[in-house]
Amino acid sequence: MLKTNDEVKRVRPATAMVHGGTMRSGFGETSEALFLTQGFVYGSAEAAEARFKGDEPGFVYSRYSNPTTRMFEERMMALEGAEDARATASGMAAVSTALQCAVQAGDHVVAARALFGSCRYIIETVLGRAGVASTLVDGRDLDQWRAAVRPETKVFFLESPTNPTLEVIDIAAVAEIAHAAGAILIVDNVFATPMQQKPLELGADVVVYSATKHIDGQGRCLGGVVLSTAEWIEKNLQDFFRHTGPSLSPFNAWTLLKGLETLPLRVAQQTANAAKLAEVLAGSPKVAKVIYPGRADHPDAEIIARQMTGGSTLLAFELEGGKAGAFRFANALEIVKISNNLGDAKSLVTHPATTTHKNLTEEARAELGIGPGMLRLSAGIEDPADLVDDITRALAAV
Ligand SMILES: *Cc1c(COP(=O)(O)O)cnc(C)c1O
């Protein structure tokens, strides 16, 4: 039992995250070993030849693959239900690799406009320079996806829930439109985490993560991963990946592998904490609006019920008093830290208008629903009572 990855795929996620992908060396170590090596040696010239030809399984160079990195990929595959995966040095390496390997000059990409700033840069600037056109749409409006399709459309790209306004896009419906157009759908699933949303099951072709967020979850290292079918990885990604070198370091792979062991526990606690804080904030007259994917008053509640489980570890809220109100709130917090990161064991609060989304124009921010009084909160794993005390103290300061 639990010797091969196929067996691991048959157990529940919390079990798969502890055992999935583990490859033990001859020493029989309990914990996954860290193979901090660039390359590999061969017993004979014939063995090297066979390894390079692919006649013999095994590793050849850590830019291609490494035992520790492969264990991380296999554990992610078990969680996501994906046939294959490639781990990358950061979330942006995962996004840019997945997009760049799927298009060529003359192609067209359609993306939901509520994008992480760097994703927008890849789509508009990096792909634009390579002769790939793009159209940004309101991801919740299915007619806009349909209307954006051109004969040369090859890729649809979206994030859901979106950053920072936590809008939810109907992944199954967008996948259907993509497939009818002969395009693939790539989903950036960072905000949902692999515990709360399974894009591949909903019809997406490729899923990408910044493992920097919940997967590490303890603020230590950057990482990313691209997951898809074995066929897509082999045909589209493999050569691009090997030759452009976005590979994850074995040390970071080891850290992320250990992060996965506790991912189900952390995400459950973070979600419970976020739900509790959403409730407290929604009850305050100083809060104009709370957006939380676990609440019945979320505008996309019906889609959330169909495609996500368990709310979210993140919430967004609009304070009365605009930027001054938001700053007073953030500055009065003692436990929740001010940071632009998310998914961490530590609760973190962000003022998107002046940090993560400062490069957008005021109008573009308004279009995305990012007001000057909006804060995004990533709930950590602290005791909920302490977080409630902290939030209550900050509300009093507004
Ligand atoms: C953080 C993030 C990324 C980029 O990840 P890095 O690991 O920082 O490169 C991409 N997409 C989303 C939605 C993110 O939150």
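Q: Two strands pair if DSSP finds at least two bridges between them. What makes E1 and strand E7 a pair?

A: E1 and E7 (residues 224-228) are joined by 5 bridges, and the definition asks for at least two, so the two strands count as paired. They run antiparallel. One of the bridges sets Arg86 against Val226 in E7. Names such as E1 are given to DSSP runs, helices (H or I, at least four residues) and strands (E, at least two), numbered from the N terminus. The model is predicted: local features need pLDDT of at least 70, side-chain atom pairs count only at pLDDT 80 or more, and totals for chains, interfaces and linings use all residues. Residues are numbered from 1 along each chain as its sequence is written, and side-chain values use heavy atoms, without hydrogens and water.

Q: Why are strand E1 and strand E3 said to stand at the edges?

A: Strand E1 (84-88) and strand E3 (133-137) each have a single partner strand, so one side of each has no neighbour in the sheet. The sheet is open, with 7 strands in the order E1-E7-E6-E5-E4-E2-E3 and mixed pairing. Its neighbouring strands are turned against each other by 20° on average, direction ignored.

Q: Which helices lie on this sheet, H8 and H10 being named, and where do they touch it?

A: Helix H8 (residues 171-180) lies across strand E4 (153-159) and strand E5 (184-188), and runs at about 150° to E5. Helix H10 (residues 230-244) touches E1, E5, strand E6 (206-210) and E7, and its direction makes about 30° with that of E1. Contact means heavy atoms within 4.5 Å. Angles run from 0 to 180 degrees between N-to-C directions, and axes are lines fitted to C-alpha atoms, for helices over the stretch in contact.

Q: What makes the loop between E4 and H8, which holds Leu166, worth describing residue by residue?

A: Most residues other than glycine have a negative phi, and most peptide bonds are trans. Leu166 has a phi near 55°, a positive value in a residue other than glycine. Ser160 and Pro161 are joined by a cis peptide bond with omega about -10°, and Pro161 is in the loop between E4 and H8. The bond from Asn163 to Pro164 is also cis, with omega near -5°, and Pro164 lies in that loop too.

Q: How do you know which strands are the edges of the sheet of 5 strands?

A: Strand E8 (287-291) and strand E10 (337-338) each pair on one side only. The order of this open sheet is E8-E9-E12-E11-E10, and the pairing is mixed. Strand E11 (residues 348-350) and strand E12 (residues 374-378) have 3 bridges in the antiparallel sense, against the two that are needed, so they are a pair. Leu348 stands opposite Ser378 in E12.

Q: What is the handedness of the crossing of H5 and H6?

A: The crossing is right-handed. A crossing gets that name if the near helix is turned clockwise from the far one by less than a right angle, and is left-handed if the turn is anticlockwise. The axes of helix H5 (residues 91-100) and helix H6 (residues 117-129) come within 10 Å and cross at roughly 35°. The contact includes Met92 and Val95 of H5 and Ile122 and Ile123 of H6.

Q: How do the residues of the contact of H11 with H15 divide?

A: There are 8 nonpolar, 3 polar and 1 charged. Ala, Val, Leu, Ile, Met, Phe, Trp, Tyr, Cys and Pro count as nonpolar, Asp, Glu, Lys and Arg as charged, and the others, Gly among them, as polar. Among the residues of the contact are Lys276 and Leu277 of H11 and Leu387 of H15. Lys276 is therefore counted as charged. Helix H11 (residues 250-282) and helix H15 (residues 384-397) pack at about 30°, with axes 10 Å apart.

Q: How much area is buried between domain 1 and domain 2?

A: About 3,000 Å² is buried, and carbon and sulfur atoms give 58% of it. Buried area is the accessible area (1.4 Å probe) that two parts lose on being put together, summed over both, so the figure covers both domains. In domain 1, Leu166, Gln196 and His214 lose the most area to domain 2, together 23% of what that side buries. Domain 1 is 12-259 and domain 2 is 263-396, bounds that come from an automatic or database domain assignment.
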